[in-house]
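User: I am new to this structure and would like to understand how its labels are reached. Could you take me through the reasoning behind some of them?

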Amino acid sequence: MRLIKFIIASAISSLPFFTIAQQKKEEIKLIVRADDIGFCHAANEGIIKSYRDGIARSAEIIVPSPWFLEAVKMLNENPGLDVGIHLCLTSEWNNIKWRPVTHASSLADSNGYFYPFLWPNDLFPKNAGNFLLENNPKLDEVEKEFRAQLSLAKKHVKNLTHISAHMGCSDIKPEVKELVKKLAVEYGLLFEAPKIIQFKNFAGKEKNEKQKEEELVNILKSLTPGTYMIVSHPCLDTEETKTIGHPNYLERGTDRAGETYALTSERVKSVIKEKKIKLVSVKEGYLNP
């Protein structure tokens, strides 16, 4: 009897469906999401480079941003790049700003721009008027603004599959989170990563490009079977980005150019190949984690 059971078990384990199931269970999947395309030309270039020459597979577009239309053109020229709308209620940089696309007085400062940040934090002077939540944003204006951003994204971007939130704006209030969930269903887009997905972070303004590369390599080497997501902000270091920043973060260009360097590194790509890490988009990862 034991011999018969052993033979049956051996036969089952050799079947194709069993092998496929085992392979999927043992797979390492990695989503590399590149945020903030549209906010400046150097970010547009860096994100596309991180896809074409590197490991990014999804990009998040900020609809009210000043370089939105160039970002749309570049994304549509790269149809293999998965796109998410990065819903936005803030404009955090000095010298380059953006406004609501609707008439939403509770979401805008005295100059008509989005407030720099959602809530007080150590990155920005704690002056009155810098933070959205100190100015009582109206839920109906948030909904109107989100709908307008979604409609523009759907109108212009061919490969729009999901929603994400710039600086976590979907979490400012429970009713805003529920609103975004409702809009995701209405607009036919994915929202919120399945709980099985594990987030891994790298980079930081205190590290140079080689240190960022080393950190990313170490993260990749440590991955075990499962689905992971890295949220990045690729950019190029140009004269343009040298003018962009905010108090406590004036190294914007060199910091994020270091992320581009790491994401396009041959060493990083070699580790991915050696460990047989499967690069997937947000859409693929959310639907098949």
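User: What makes the contact between the side chains of Arg33 and Asp35 a salt bridge?

Analyst: Keeping in mind that this is a predicted model, the side chains of Arg33 and Asp35 come to 2.8 Å, N to O; the cut-off is 4 Å between such a nitrogen and a carboxyl oxygen, so the pair counts as a salt bridge. Arg33 and Asp35 are both buried, and a search of the whole structure finds 15 salt bridges.

User: Why is Lys49 called partly exposed?

Analyst: Lys49 has a relative accessibility of 34%, and because partly exposed covers the range between 20% and 50%, that label applies. Asp53, with 36%, is partly exposed as well, and the side chains of Lys49 and Asp53 meet in a salt bridge at 3.3 Å, N to O.

User: How do you know that Phe39 and Trp93 are stacked?

Analyst: Their ring centres lie 5.9 Å apart with 25 degrees between the planes, and since a pair needs centres within 6.5 Å and stacking needs planes under 30 degrees apart, the pair is called stacked. Phe39 lies in the loop between strand 1 and helix 3, and Trp93 in the loop between strand 3 and helix 5, so the pair ties together parts that are 54 residues apart in sequence.

User: What makes Arg99 sit over the ring of Tyr113?

Analyst: The charged end of Arg99 is 4.2 Å from the centre of the Tyr113 ring, which is to be set against a distance limit of 6 Å.

Key: Residues numbered from 1 in each chain as written. Predicted model: local features only at pLDDT ≥ 70, side-chain atom pairs only at ≥ 80, totals over all residues. Heavy atoms only, no water. Phe/Tyr/Trp six-rings, centres within 6.5 Å; stacked < 30°, edge-to-face > 60°. Helix = DSSP H or I, 4+ residues; strand = E, 2+ residues; numbered from the N terminus. Lys NZ or Arg CZ within 6 Å of the ring centre and 35° of its normal. Buried < 20%, exposed > 50% of the residue type's maximum accessible area, 1.4 Å probe, protein only.
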